Amino acid sequence: MTAVEADGGLRDTGEIRLTDLMHAELTKIRTLPATWIVLAVTLVANTALGFLAATDVVRVAGQGGPVAIAQLGTLLLAPVYAFIAVPVFAAGSEYGGGQLRVSLTAVPNRHRFFLAKLLASSGVAVLAAVPAVLPGHLVQHVAAPRGDSGVGSVISGFLALVMAYLLVGLVGFGFAVLAKTVVTPLAVLFILPVLVSPMLGGILPGVVRLLPHEATLSFLAMPTSPALALGGATGLAVVTAWAVVFVGTAWWVNARRDTSGS
Amino acid sequence: MMIEVSGLSKRYGAKVAVDNVSFTVRPGRVTGFLGPNGAGKSTTLRVLLGLDHPTGGTALIEGKRYRDLRHPLRKVGALLEGAGPVPERRAVDHLTWIAQSNRIPRRRVWEVLDLVGLSDAARQPVKKYSLGMGQRLGIAAALLGDPEILVLDEPVNGLDPDGIRWVRNFLRGYAASGRTVLLSSHLMAEMAGTADEAVVISRGRIVAHGSLDAITAGHPSLETAFFALTGDRAGW
Ligand SMILES: Nc1ncnc2c1ncn2[C@@H]1O[C@H](COP(=O)(O)OP(=O)(O)OP(=O)(O)O)[C@@H](O)[C@H]1O
Ligand SMILES: [Mg+2]
């Protein structure tokens with residue numbers, strides 16, 4: 001260690017721009033090992049499921065006999081719950097070790113901080129969804145012997161899937177800011193389709209079909225059951241509303257909340 | 001005045017952490033912010049840096065609120081309690097995103113790593129760091145913007161004698177170059193030979209403010225002056 005640096009080492013490099021803040025947020029996402037692990041898991045899971053759905057070699061026991069994997073929306077969408085850990089970590093990792101205090105001393109304008117993090121996380125979600133989803137989607141629809149898919153429907157199905165990954169990811173992103181942890185949003189969003197929908201789907205279908213997961217499945221034209229189906233456009237509108245509510249509330253809370261206390 | 005705190009209060013629910021605190025910090029000297037555990041030092045510094053919102057009063061940096069500074073990290077470098085990197089991230093990456101957020105050139109990351117003696121450990125994830133290494137990384141982050149003002153909350157916590165001496169000399173040099181240094185401590189003895197001025201806080205209120213010599217005058221030791229001012233025997 002040496003004495004004080006000669007002054008003038010740092011020149012004024014001009015106004016701090018939103019892109020500088022986004023660069024910083026991208027670096028945070030890129031240098032978190034969890035990001036890469038999660039993307040690898042999503043890619044492998046999607047590709048394996050796409051293969052199983054296309055070949056129909058495995059069937060799953062259902063109430064009315066074995067069900068083809070291609071018919072099981074919840075299973076086919078399962079990898080999204082690994083994928084959303086990317087935006088969930090982008091938001092939630094600020095809280096564990098107190099990085100938020102470092103972030104907010106570097107970027108004290110809370111609105112600019114949140115906007116930069118939101119844009120960086122959304123951009124990463126869209127870009128990362130492409131490689132995570134595309135191989136599985138191609139395997140399932142192009143290799144499928146049933147030949148149900150024209151090029152147009154394969155492309156639109158792919159774009160819808162990327163959109164779904166982004167929107168569910170944004171729900172998790174906002175949730176992580178509100179909960180100040182990565183654990184709760186991942187657990188709750190996973191439990192909804194796995195426990196809540198099967199248990200309440202028969203009793204309260206009108207409510208359950210509005211949950212983020214079921215609405216997403218409706219949007220992707222693979223609803224869990226006819227009773228839980230919404231129109232595709234309605235499904236998209238409902239998931240979008242969830243994303244807007246979670247992100248909007250998180251924005252509002254983050255702008256006002258102290259970094260200490262609850 | 002570089003730092004001007006006036007009538008500052010902060011309540012957390014029913015708990016009054018800081019109660020009508022006023023003091024100023026001038027450039028060219030090291031100002032110690034002293035008080036026993038729970039006195040309100042960290043709370044005051046958090047409010048100064050816009051991390052927590054004051055219940056009343058103001059805390060200004062060159063007449064501005066921290067959040068209105070154009071280049072926050074070039075004006076103020078801070079080391080705060082409970083402000084750590086994500087453990088899985090490498091130290092160099094931690095400093096890199098901080099630098100990017102304030103348009104600080106990339107080479108400065110290696111300069112500050114070198115300055116605090118962490119160059120060789122820079123590519124390790126921070127979770128592998130010892131307490132003292134973590135503290136050095138925090139000091140490196142504070143120095144990134146080559147700031148005019150340093151605000152350090154208990155900077156020598158966890159440092160070995162060598163590290164403590166380095167921080168002490170570094171801060172004296174920093175202040176001698178005309179810059180502003182505010183550092184907190186709950187140990188009076190730590191301030192001897194480091195601070196020129198002291199602001200003493202106890203139970204959320206300022207109980208003394210002035211040159212360290214004046215504050216300790218008439219007391220047999222720094223320690224007894226501290227206890228006399230804060231009304232604490234040994235802190236508990
Ligand atoms: N978020 C919070 N909620 C409730 N009480 C709080 C909160 N933050 C601080 N306090 C209380 O405010 C008081 C001042 O705490 P603070 O951390 O500012 O003290 P300090 O002088 O930094 O102490 P130390 O030397 O132990 O770091 C304490 O009584 C503490 O319990
Ligand atoms: Mg403290």
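The exercises below, each with a worked solution, concern a predicted model with a chain A and a chain B.

**Exercise 1. Confidence**

State the ipTM and pTM of the model, and the mean pLDDT of chain B.

Solution. Begin with the scores for the model: ipTM is 0.94 and pTM is 0.92. Then turn to chain B, where the mean pLDDT is 92. In chain B, 97% of the residues reach 70 or more. As a general caution, predicted coordinates should not be read in detail where pLDDT is low.

**Exercise 2. Secondary structure**

Determine how many helices and strands chain A has, and how many chain B has.

Solution. Chain A has twelve helices and two strands. Along the sequence of chain A, the order is α-α-β-β-α-α-α-α-α-α-α-α-α-α. Chain B has nine helices and nine strands.

**Exercise 3. Dimensions and the globule rule**

Find the spans of the two C-alpha traces along their principal axes, then test chain B against the radius of gyration of a compact globule.

Solution. The C-alpha trace of chain A spans about 75 × 40 × 30 Å. For chain B the spans are about 50 × 35 × 35 Å. Next, take the 236 residues of chain B: a compact globule with that number of residues would have a radius of gyration near 18 Å. The value for chain B is 17 Å, so it agrees with the rule.

**Exercise 4. Burial, surface and charge**

For each chain, give the share of buried residues, the exposed area and the distance between the mean positions of the charges.

Solution. Start with chain A. Of its 262 residues, 48% are buried. Chain A exposes about 11,600 Å², and 72% of that area comes from carbon and sulfur atoms. It carries 14 positive and 11 negative charges, whose mean positions lie 6 Å apart.

Now chain B. Here 55% of the 236 residues are buried. The exposed area of chain B is about 9,400 Å², with 50% of it supplied by carbon and sulfur atoms. Its 30 positive and 23 negative charges have mean positions 5 Å apart.

**Exercise 5. Contacts along the sequence**

Take the contacts between residues at least 6 apart in sequence, and find what share joins residues at least 24 apart in each chain.

Solution. In chain A the share is 71%. In chain B the share is 67%.

**Exercise 6. A lysine in helix H1 of chain A**

Decide whether A:Lys28 is buried or exposed, and list its contacts beyond four places in sequence.

Solution. First locate the residue: A:Lys28 is in helix H1 of chain A, residues 18-30. Its relative accessible area is 5%. The cut-off for buried is under 20%, so A:Lys28 is buried. Within chain A, its contacts beyond four places in sequence are A:Glu94, A:Gln99, A:Ser103, A:Phe113 and A:Lys117. In chain B, A:Lys28 contacts B:Arg89 and B:Trp97.

One of these partners, A:Glu94, leads to helix H5 of chain A, where it is among the buried residues. That helix covers residues 85-96, and ten of its twelve residues are buried. Others buried there include A:Val86, A:Pro87 and A:Tyr95. Just after the helix, A:Gly98 has a positive phi of about 80°.

**Exercise 7. An aspartate in a loop of chain B**

Place B:Asp120, and decide whether B:Asp120 is buried or exposed.

Solution. B:Asp120 sits in the loop between helix H4 (107-115) and helix H5 (131-143) of chain B. Its relative accessible area is 82%. Exposed requires over 50%, so B:Asp120 is exposed. For its distance from B:Thr55, count 65 residues in sequence and 44 Å in space, C-alpha to C-alpha.

Conventions
Residues numbered from 1 in each chain as written. Chains lettered and ligands numbered in written order. Predicted model: local features only at pLDDT ≥ 70, side-chain atom pairs only at ≥ 80, totals over all residues. Heavy atoms only, no water. Helix = DSSP H or I, 4+ residues; strand = E, 2+ residues; numbered from the N terminus. Rg over C-alpha atoms; globule rule 2.2 N^0.38 Å. Buried < 20%, exposed > 50% of the residue type's maximum accessible area, 1.4 Å probe, protein only. Contact = heavy atoms within 4.5 Å. Areas by Shrake-Rupley, 256 points an atom, 1.4 Å probe, with all protein chains shown as cover. Lys, Arg positive; Asp, Glu negative; His and termini not counted. Charge placed at Lys NZ, Arg CZ, Asp CG, Glu CD. pLDDT = per-residue confidence, 0-100.
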